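Visitor: Please show me the model, and let us then discuss its charged pairs and its core.

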Amino acid sequence: MGAAAVDDITVEYEDNGVLLVKQEGKEIITRGTWCTIAFLYRDWDAKTNAYGPQMITLRKYRKQAGTYRQESKFNLGSLAQAASVSDVLKRWSEAADAPE
């Protein structure tokens, strides 16, 4: 089920009383009919009975009929991968702003 307000969107997921996806951070990147949100989260590992490492997911939502629905997502499997993507985006954005 979707959320009526962007601030109410979460990636937390519970099944049979177990929090399988634990949200640890949320940054709303864009707001409006189409919004983009970055989430910091951990998945529950049933084998170890503990949460795994922190991961990041970027999600795009669209508001239709008063409810936000997920349209797309991009998962970063580790904070190291997120840092690499961040470095590339920073280089590209700085190069785009540089005079020719």
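Guide: A salt bridge is a side-chain nitrogen of Lys or Arg within 4 Å of a carboxyl oxygen of Asp or Glu. This is a predicted model, in which local features need pLDDT of at least 70, side-chain atom pairs count only at pLDDT 80 or more, and totals for chains, interfaces and linings use all residues. Residues are numbered from 1 along each chain as its sequence is written, and side-chain values use heavy atoms, with hydrogens and water left out.

Visitor: Which residues are linked in a network of salt bridges?

Guide: Glu24 meets Lys22 at 3.8 Å, N to O. Glu24 also pairs with Arg42, where the closest N and O atoms are 2.8 Å apart. The network therefore consists of linked salt bridges among Lys22, Glu24 and Arg42.

Visitor: Is Arg31, at 52% relative accessibility, buried or exposed?

Guide: Arg31 forms a salt bridge with Asp7, with 3.0 Å between the closest N and O atoms. Buried means under 20% relative accessible area, exposed over 50%, and partly exposed in between (1.4 Å probe, protein chains only). Because its relative accessibility is 52%, Arg31 counts as exposed.

Visitor: Which strand gives the most to the largest nonpolar core?

Guide: A nonpolar core is a set of buried Ala, Val, Leu, Ile, Met, Phe, Trp, Tyr and Cys residues joined through side-chain atoms within 4.5 Å. The largest one has 12 residues, among them Cys35, Ile37 and Tyr61. Strands, DSSP runs of at least two residues numbered from the N terminus, include E3 (34-45) and E5 (55-64), each supplying at least two core residues. The most, four residues, comes from E3.
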